[in-house]
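Visitor: Could you take me on a close look at the sheet in this model? I would like to see how its strands pair and which side chains tie the surroundings together.

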Amino acid sequence: MRTLAAIFKALSDETRLAMLGLLLREGELCVCDFVEVLGVTQSKASRHLRYLVNAGLIQDRREAVWVHFRIVEKPGLVEGAVLTDLHQRLPAQLPDHVLAELASWRKRKAKGGVTCGPARLAARKARA
């Protein structure tokens with residue numbers, strides 16, 4: 001029961017649902033992707049993502065100071081059943097403006113004007 005309660009608590013927030021939907025759709029994303037696409041602070045994004053990690057739905061991978069997230073590779077029985085159902089439904093529920101912002105953010109990253117990682121952190125500090 002505790003596992004199921006943790007999963008439903010993690011899914012009870014629209015921001016976390018959007019994050020999970022983006023991960024189900026895109027595979028792996030950095031915290032900075034969620035910050036830019038969802039318009040939340042880095043600390044808020046990290047807190048929401050930690051809920052999903054603790055529920056056993058996603059896992060993280062560290063790269064220097066940045067953390068990348070993806071759907072857990074070997075979910076438990078309950079987690080797997082929930083993820084299978086969500087994979088069929090959740091990506092289609094993402095608001096159009098979220099997908100548009102992700103596309104825009106990826107174009108800006110590809111042009112080299114912005115990055116995730118230490119260069120992005122240095123640029124933010126320089127602007128402040």
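Guide: Happy to; what follows starts with the chain as a whole, moves to the sheet, and then visits some side chains around it.

Please keep in mind that this is a predicted model. The chain has seven helices and three strands, and along the sequence these elements come in the pattern α-α-β-α-α-β-β-α-α-α. Of the 128 residues in the chain, 38% are buried. Among contacts with a separation of 6 or more, 61% are between residues 24 or more positions apart. The chain exposes about 7,600 Å², and carbon and sulfur atoms supply 54% of that area.

Now to the sheet itself. The three strands make an open sheet with antiparallel pairing, and their order is 1-3-2. Strand 1 (28-30) and strand 2 (58-63) are the edge strands, each pairing on one side only. On average, neighbouring strands of the sheet are turned by 25° against each other, direction ignored. As a general reminder, strands of a sheet pair through backbone hydrogen bonds, either parallel or antiparallel.

Let us take the pairings one at a time. Strand 1 and strand 3 (residues 66-71) are joined in the antiparallel sense by three bridges. If you want a place to put your cursor, Leu 29 has Phe 69 in strand 3 as its bridge partner. Strand 2 and strand 3 also run antiparallel, and six bridges join them. Here Gln 59 is a handy marker, with Arg 70 of strand 3 as its bridge partner. Strand 2 and strand 3 form a hairpin with two residues between them. In that turn, Ala 64 has a positive phi of about 60°.

How enclosed is strand 3? Five of its six residues are buried, so strand 3 is largely enclosed by the rest of the structure.

Next come the charged side chains. In general, side chains of opposite charge can pair when their charged atoms come close. The count for this model comes to eleven salt bridges. One of them belongs to the sheet: the side chains of Glu 28 and Arg 61 meet at 2.6 Å, N to O. This pair links distant parts of the chain, with Glu 28 in strand 1 and Arg 61 in strand 2, 33 residues apart. Glu 28 is partly exposed, at a relative accessible area of 30%, and Arg 61 is partly exposed with a value of 30%.

Another salt bridge, between Asp 33 and Lys 109, has an N to O distance of 2.9 Å. It too links distant parts of the chain: Asp 33 is in helix 3 (residues 31-38) and Lys 109 is in helix 6 (residues 96-110), 76 residues apart. The two ends sit in unlike surroundings, for Asp 33 counts as buried at 7% relative accessibility, whereas Lys 109 is partly exposed with 28%. Back at the sheet, salt bridges that share partners join Glu 28, Arg 61, Glu 63, Arg 70 and Glu 73 into one network. Arg 70 is thus worth a second glance, because besides its place in this network it is the bridge partner of Gln 59.

A further salt bridge pairs Arg 25 with Glu 26, where the closest N and O atoms are 2.4 Å apart. Arg 25 is partly exposed at 44% relative accessibility, and Glu 26 is partly exposed at 23%.Finally, turn to helix 5 (residues 77-93), where Glu 79 has its place. Is Glu 79 buried or exposed? Its relative accessible area is 13%, under the 20% cut-off, so Glu 79 is buried. Leaving aside neighbours within four places in sequence, Glu 79 is in contact with Thr 3, Ile 7, Ala 55, Gly 56 and Leu 57. Helix 5 also takes part in a nonpolar surface patch, to which helix 1 (2-10) and helix 5 each supply at least two residues. The patch covers about 410 Å² and is made by Leu 4, Phe 8, Leu 77 and Val 78. Phe 8 lies in helix 1 and counts as exposed, at 51% relative accessibility.

How values were computed: Residues numbered from 1 in each chain as written. Predicted model: local features only at pLDDT ≥ 70, side-chain atom pairs only at ≥ 80, totals over all residues. Heavy atoms only, no water. Pairing = 2+ DSSP bridges. Helix = DSSP H or I, 4+ residues; strand = E, 2+ residues; numbered from the N terminus. Axes fitted to C-alpha atoms, helices over the stretch in contact; angles between N-to-C directions. Buried < 20%, exposed > 50% of the residue type's maximum accessible area, 1.4 Å probe, protein only. Contact = heavy atoms within 4.5 Å. Areas by Shrake-Rupley, 256 points an atom, 1.4 Å probe, with all protein chains shown as cover. Patch = residues over 30% accessible without salt bridge, like charges linked within 9 Å, V, L, I, M, F, W, Y side chains within 5 Å. Salt bridge = Lys/Arg side-chain N within 4 Å of Asp/Glu carboxyl O.
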